[in-house]
Amino acid sequence: MIRIAPSILSADFADLGRELAAVSAAGADWAHVDVMDGVFVPNITVGIPVVKSLRKATELPLDVHLMITNPHRYVGQFADAGAHMVTVHLESETAADISRSLDTIRSHGALAGISIKPDTRAEAVFPWLDRVDMVLIMTVEPGFGGQSLIPHTLDKVKAVRAEAERRGLELMVEVDGGVNARTARACTEAGADVLVAGSAVFGAENRAAAIAALRAGV
Ligand code: DX5
Ligand code: ZN
């Protein structure tokens with residue numbers, strides 16, 4: 001099953017409830033929420049109160065992507081705010097704190113994800129594969145929507161998918177950045193089964209047509 005997760009980063013932040021209703025009606029599977037702290041990435045977006053409000057505004061599972069330093073301090077609160085999935089970056093804290101983050105996410109009832117940036121090797125997540133529900137491979141440098149997919153990152157999708165299969169692990173592999181109707185197939189062929197799309201969906205006049213085009217592309 002391929003899931004489509006529109007990223008609210010490219011939505012109208014003054015009208016998120018309506019934006020999410022539109023993509024939900026248009027067949028989105030999840031809503032992807034990019035949390036940025038201005039330190040881990042050079043941009044600032046939204047935090048726990050917004051996730052709490054979105055939880056009330058939509059039925060869509062909230063896929064919360066934390067681009068923040070020391071996420072272990074906050075993951076429990078994001079899960080309690082109603083996140084379905086909470087994903088932390090491997091590069092954002094020590095291994096001991098990553099371990100704590102993953103345990104906390106699950107003990108607060110959410111699914112746990114781990115993400116790597118384009119310059120981090122795929123093998124770096126291998127030790128964590130049996131501790132997570134999803135690996136998020138960043139296909140652009142995190143921080144901004146509207147960038148082009150970096151082709152070599154799809155080799156890492158293949159490597160993670162192959163390692164998960166070798167070990168018999170049920171794992172979702174998500175791609176994030178530069179995913180559109182033209183790049184979607186390369187992503188799913190590499191082994192991705194969750195496609196985040198910001199500008200390809202919210203940048204389009206017709207969200208339903210944009211999601212349909214993504215699905216047709218895979
Ligand atoms: C970037 C974010 C992405 C972003 C993707 O740091 O993690 O989720 O919204 O945007 P597009 O789909 O426009 O590349
Ligand atoms: Zn994201």
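Q: Which arrangement do the 6 donor atoms around the zinc ion (ligand 2) make, and why?
A: Ideal angles are 90 or 180 degrees for six octahedral donors. In practice, six donors count as octahedral if opposite donors are over 155 degrees apart and all others between 65 and 115. Here the 6 donor atoms subtend angles of 68 to 169 degrees, so the arrangement is octahedral.

Q: What conventions apply to the model?
A: This is a predicted model, in which local features need pLDDT of at least 70, side-chain atom pairs count only at pLDDT 80 or more, and totals for chains, interfaces and linings use all residues. Residues are numbered from 1 along each chain as its sequence is written, chains are lettered from A and ligands numbered from 1 in the order written, and side-chain values use heavy atoms, with hydrogens and water left out.

Q: Which residues coordinate the zinc ion (ligand 2)?
A: Donors are N, O and S atoms within 2.8 Å of the metal (3.2 Å for Na, K and Ca); water is not among the atoms, so sites may look incomplete. In this site, His32 binds through NE2, His65 through ND1, and Asp34 and Asp176 through OD. The distances run from 2.0 to 2.3 Å. Along the chain the donors follow the spacing H-x1-D-x30-H-x110-D. His65 lies in strand 3 (residues 62-67) and Asp176 in strand 7 (residues 172-176), so this pair ties together parts that are 111 residues apart in sequence. Strands (E, at least two residues) and helices (H or I, at least four) are DSSP runs, numbered from the N terminus.

Q: Is His65 buried or exposed?
A: Buried means under 20% relative accessible area, exposed over 50%, partly exposed in between (1.4 Å probe, protein chains only). His65 has 0% relative accessibility, so it counts as buried. Asp176, at 8%, is buried too.

Q: How many residues line the largest pocket?
A: A pocket is an open set of points on a 1 Å grid over the protein atoms alone, with protein on both sides within 12 Å along at least five of seven lines; lining residues have an atom within 4 Å of a point. The largest pocket here holds about 250 Å³ of space. It has 24 lining residues, and the closest to its centre are Gly145, Gly146, Asp176, Gly177 and Gly178. Asp176 is also a zinc donor. Strand 2 (31-36), strand 8 (194-197) and helix 7 (199-202) each supply at least two residues of the lining.

Q: How many salt bridges does the structure hold?
A: A salt bridge is a side-chain nitrogen of Lys or Arg within 4 Å of a carboxyl oxygen of Asp or Glu. The structure holds 11. One of them joins Asp97 to Arg100, with the closest N and O atoms 2.9 Å apart. These two residues are 3 apart in helix 4 (residues 95-107), so about one helical turn separates them. Asp97 is buried at 13%, while Arg100 is partly exposed at 46%.

Q: Where do Asp193 and Arg161 lie in the chain?
A: Their side chains meet in a salt bridge at 3.2 Å, N to O. The pair links distant parts of the chain, 32 residues apart: Asp193 is in the loop between helix 6 (184-190) and strand 8, Arg161 in helix 5 (residues 153-166). Asp193 is buried at 16%, and Arg161 is buried at 15%.

Q: Which residues are linked in a network of salt bridges?
A: Glu163, Arg166 and Arg167 are. Glu163 pairs with Arg167 at 3.2 Å between the closest N and O atoms. Glu163 is buried at 12%, Arg167 is partly exposed at 31%, and Arg166 is exposed at 62%. Arg166 lies in helix 5.

Notes: Tetrahedral: all angles 85-135°; square planar, octahedral: opposite > 155°, others 65-115°. 1 Å grid on protein atoms, 1.4 Å probe; cavity = no way out; pocket = protein on both sides within 12 Å on 5 of 7 lines; lining within 4 Å. Points joined across faces, edges and corners; volume = space filled by probe spheres on them.
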